[in-house]
Amino acid sequence: MNMEYKGITVTDIDLGGKTVPGVAVEIPGTGKYVLQILCKNGMLYCGLFLPEKIDAIGFAACVFSAPQFTDMLANKPTFISAKALELGVTPDMTGREIAELFDR
């Protein structure tokens, strides 16, 4: 299911039996998007999010260099929060593996 609201698109991301929402927010005038995948116990973000702010809040999150959700799910993270490390995320995991871990 995809829904769009004035530059905001919510896309169902299939994690092999589970579905989580992917949120894309259009950056006006650029044709680019701020991407987030929301899981039960953490989030995946595109590279526009500042790692130091994520760790300051103290929640599980990973940042990816990814212009599309498919890239985010296929790539390895460029940043892993301390809380994500506590949950078992490692630098060699793909975004899909991390999303599956976060959604347990």
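**A tour starting from Cys 62**

Begin by selecting Cys 62 in this predicted model, and display what surrounds it: leaving aside neighbours within four places in sequence, Cys 62 is in contact with Met 43, Leu 44, Tyr 45, Pro 77, Phe 79, Ile 80, Ala 84, Val 89, Ile 98 and Phe 102.

Next, widen the selection to the largest nonpolar core, which has 25 residues, and in which Cys 62, together with Ile 37, Leu 44, Met 72, Val 89, Ile 98 and Phe 102, touches the most other members. Colouring by secondary structure helps here, for at least two residues of this core come from each of strands S3 (19–27), S4 (32–39), S5 (42–46) and S6 (61–64), and likewise from each of helices H2 (69–74) and H4 (95–102). Apart from this core lies another, of six residues, and Tyr 45, Ile 54, Ala 61 and Phe 79 are among them.

Now turn to the strands and select S2 (residues 8–14) with S3, an antiparallel pair joined by seven bridges; within this pairing, Thr 9 has Ala 24 of S3 as its bridge partner. The hairpin of S2 and S3 has four residues between the strands, and Gly 16 there takes a positive phi near 70°. From S3, continue to S4, which runs antiparallel to S3 and is joined to it by six bridges, with Ile 27 finding its bridge partner in Lys 32 of S4.

Finish at helix H3 (residues 82–86), where Lys 83 and Glu 86 lie three residues apart, about one turn of the helix. Their side chains meet in a salt bridge (3.8 Å, N to O), and the structure holds one salt bridge. Lys 83 is partly exposed, at 38% relative accessible area, whereas Glu 86, at 61%, counts as exposed.

Notes:
Residues are numbered from 1 along each chain as its sequence is written. This is a predicted model: local features need pLDDT of at least 70, side-chain atom pairs count only at pLDDT 80 or more; totals for chains, interfaces and linings use all residues. Side-chain values use heavy atoms; hydrogens and water are left out. A salt bridge is a side-chain nitrogen of Lys or Arg within 4 Å of a carboxyl oxygen of Asp or Glu. Buried means under 20% relative accessible area, exposed over 50%, partly exposed in between (1.4 Å probe, protein chains only). A nonpolar core is a set of buried Ala, Val, Leu, Ile, Met, Phe, Trp, Tyr and Cys residues joined through side-chain atoms within 4.5 Å. Contact means heavy atoms within 4.5 Å. Two strands pair if DSSP finds at least two bridges between them.
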